Amino acid sequence: GESDYSQFWLKVGEDEILKNEDDEIEIPEEKVLSAKILVDCVDLIYPAFDNPDISGLSPLKLELKKGSPIMLMRILEPPKLCNGTRMIVEELHNNLIIVRINMGAFKDDI
């Protein structure tokens, strides 16, 4: 059910799913969402980030602290810095955030 689906993807994120000889995860067909469902999910999430004046919501303000977990939302430097890469904030500067990667093959890289 829904719990099994969530648990599977949490294990993928924690790098707890066995990989094949090509270092790939084989995803069962029942764990793959259709393109329409993905588009619907993105439409629900991203408008909140793109439009700070949504009726009934406070303006968005992100406050980071050292040790905060963050997730990359764009592909910046494949394969190291891709959408979904989880990191921990190490240092904060005026125009720079120094992070430590918290998962996968690049775990603990800064």
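In this predicted model, the chain exposes about 9100 Å². Carbon and sulfur atoms supply 56% of that exposed area. On the buried side of the ledger, 13% of the 110 residues make the cut.

As for the overall layout, the chain comes to 2 helices and 3 strands. Reading from the N terminus on, the order is α-α-β-β-β. Helix H1 covers 2-13 and helix H2 covers 35-50, with a loop between them. Strand S1 spans 69-71 and strand S3 spans 96-101, while strand S2 takes in residues 86-93. Turning to contacts between residues at least 6 apart in sequence, 21% of them join residues at least 24 apart.

Val 89 gives a view of the strand region. This residue is found in strand S2, and it counts as buried because its relative accessibility is 1%, against a cut-off of under 20%. Which residues does Val 89 touch, leaving aside its neighbours within four places in sequence? One run of partners is Leu 64, Lys 65, Lys 66, Gly 67 and Ser 68, joined by Ile 70. Ile 97, Ile 98 and Val 99 are in contact with Val 89 too. Ile 70 falls within the 69-71 range of strand S1, and Ile 97, Ile 98 and Val 99 fall within the 96-101 range of strand S3. As for Ile 101, it sits 12 residues from Val 89 in sequence, and the C-alpha to C-alpha separation is 9.0 Å.

Charge pairing comes next. Side chains of opposite charge can pair when their charged atoms come close. Here the count comes to 6 salt bridges. One of them links Lys 80 with Asp 109, at 3.4 Å from N to O. Lys 80 lies in the loop between strands S1 and S2, and Asp 109 in the segment after strand S3, so this pair ties together parts that are 29 residues apart in sequence. How exposed are the two partners? Lys 80 is partly exposed, at 22% relative accessibility, and Asp 109 is also partly exposed, at 29%.

Lys 19 takes part in two of the pairings described here, one with Asp 15 and one with Asp 23. The closest N and O atoms are 3.0 Å apart for Asp 15 and Lys 19, and 3.8 Å apart for Asp 23 and Lys 19. Through these shared partners, Asp 15, Lys 19 and Asp 23 are joined into one network. Asp 15 is partly exposed at 37%, and so is Lys 19 at 35%. Asp 23, with a relative accessible area of 55%, counts as exposed, since the cut-off for that label is over 50%.

Finally, there is a negative patch on the surface. Which residues form this patch? The members are Glu 21, Asp 22, Glu 24 and Glu 26. Of these, Glu 24 is found in the loop between helix H1 and helix H2. Glu 24 counts as partly exposed because its relative accessibility is 44%.

Note on methods
Residues numbered from 1 in each chain as written. Predicted model: local features only at pLDDT ≥ 70, side-chain atom pairs only at ≥ 80, totals over all residues. Heavy atoms only, no water. Patch = residues over 30% accessible without salt bridge, like charges linked within 9 Å, V, L, I, M, F, W, Y side chains within 5 Å. Areas by Shrake-Rupley, 256 points an atom, 1.4 Å probe, with all protein chains shown as cover. Salt bridge = Lys/Arg side-chain N within 4 Å of Asp/Glu carboxyl O. Lys, Arg positive; Asp, Glu negative; His and termini not counted. Charge placed at Lys NZ, Arg CZ, Asp CG, Glu CD. Helix = DSSP H or I, 4+ residues; strand = E, 2+ residues; numbered from the N terminus. Buried < 20%, exposed > 50% of the residue type's maximum accessible area, 1.4 Å probe, protein only. Contact = heavy atoms within 4.5 Å.
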